[in-house]
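Have the model open and ready to rotate. We'll start at one residue, then work out to a helix and its packing partner.

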Amino acid sequence: MITIIAGTNRPNSRARRVADFYAQLLAQHGVASQLLDLTELPQDFTTSALYGNTGRHDEFNRLVALAESAEKLVFVVPEYNCSFPGVLKAFIDGLPYPGGIRGKKAALVGLSSGSQGGILPLNHLTDVLMYLGTAVLPQRVRLPFIDKFLTAEGLITEPLYQQLLREQVEALLAF
């Protein structure tokens, strides 16, 4: 099973639409996936599910189980202030350690409204994941100027972006 993580808790996010597009690409290969949408995080999870409260919050534990049960992970990560969203870091920090996503394989997709395509967030997240013992697929996909190429319905209209994502899916399946 592959878990796709929409890496922000922003409602109706571009990351969620790209995650849904990614799930369609996996389905074209006959591969099952599940979505871990950070909009489903409990509002109080940073005070009620982390640190001394680890394992005691059923809503948070359900999302943790989606990450832990995956053979592979796909992180769809928007750029927030030259990094990835803090809510994604807080979620990762709430995963069991050691354990959680240790030993798993991950693909990263970065998106931004600007020209960098999320390269800084992908670099930062790669460092965090590797520290946790998660292998990161070298084919990281960057989607700059995402607003120009992503419809409200979740269709990516740029052929190059579609190609890069298809190639990453194939690499992930072989990884």
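Which residues does Leu-108 touch, not counting residues up to four places away in sequence? They are Phe-75, Leu-122, Leu-125, Thr-126, Leu-129, Val-136, Gln-139, Arg-140, Val-141 and Gln-168, where a contact means heavy atoms within 4.5 Å. Before going on, a word on what you're looking at: this is a predicted model, in which local features need pLDDT of at least 70, side-chain atom pairs count only at pLDDT 80 or more, and totals for chains, interfaces and linings use all residues. Residues are numbered from 1 along each chain as its sequence is written, and side-chain values use heavy atoms, with hydrogens and water left out.

Back to Leu-108, which sits in strand S4 (residues 105–111); helices (H or I, at least four residues) and strands (E, at least two) are DSSP runs, numbered from the N terminus. Leu-108 has a relative accessible area of 0%, so it counts as buried (buried is under 20%, exposed over 50%, partly exposed in between, with a 1.4 Å probe and protein chains only). One of its contacts, Thr-126, is 18 residues away in sequence, and the two C-alpha atoms are 8.3 Å apart.

Now swing over to helix H1, residues 14–28. Its 15 residues reach 21 Å from first C-alpha to last, close to the 21 Å expected at 1.5 Å a residue (the expected span is 1.5 Å times one less than the number of residues). Its buried residues are Ala-15, Val-18, Ala-19, Phe-21, Tyr-22, Leu-25 and Leu-26. These cover an arc of only 160° around the axis, so they lie on the same side of H1; the arc is taken from the directions from the helix axis to the C-beta atoms. The face turned away from that buried side carries the exposed Ala-27 and Gln-28. Just past the helix, Gly-30 takes a positive phi of about 75°.

What does H1 pack against? Helix H7 (residues 159–174), at an angle of about 55° and with the axes 10 Å apart. That angle makes H1 oblique to H7 (under 35 degrees is roughly parallel, over 145 roughly antiparallel, 65 to 115 roughly perpendicular, and the rest oblique). From H1, Phe-21, Tyr-22, Leu-25 and Leu-26 meet H7 residues including Leu-165, Val-169, Leu-172 and Leu-173. Gln-168 of H7 is also met by H1, and Gln-168 is one of the residues that Leu-108 touches.

Last stop: Ser-33 in strand S2 (residues 33–37). With 27% relative accessibility, Ser-33 counts as partly exposed. Among its contacts are Ala-23 and Leu-26.

Methods:
Axes fitted to C-alpha atoms, helices over the stretch in contact; angles between N-to-C directions.
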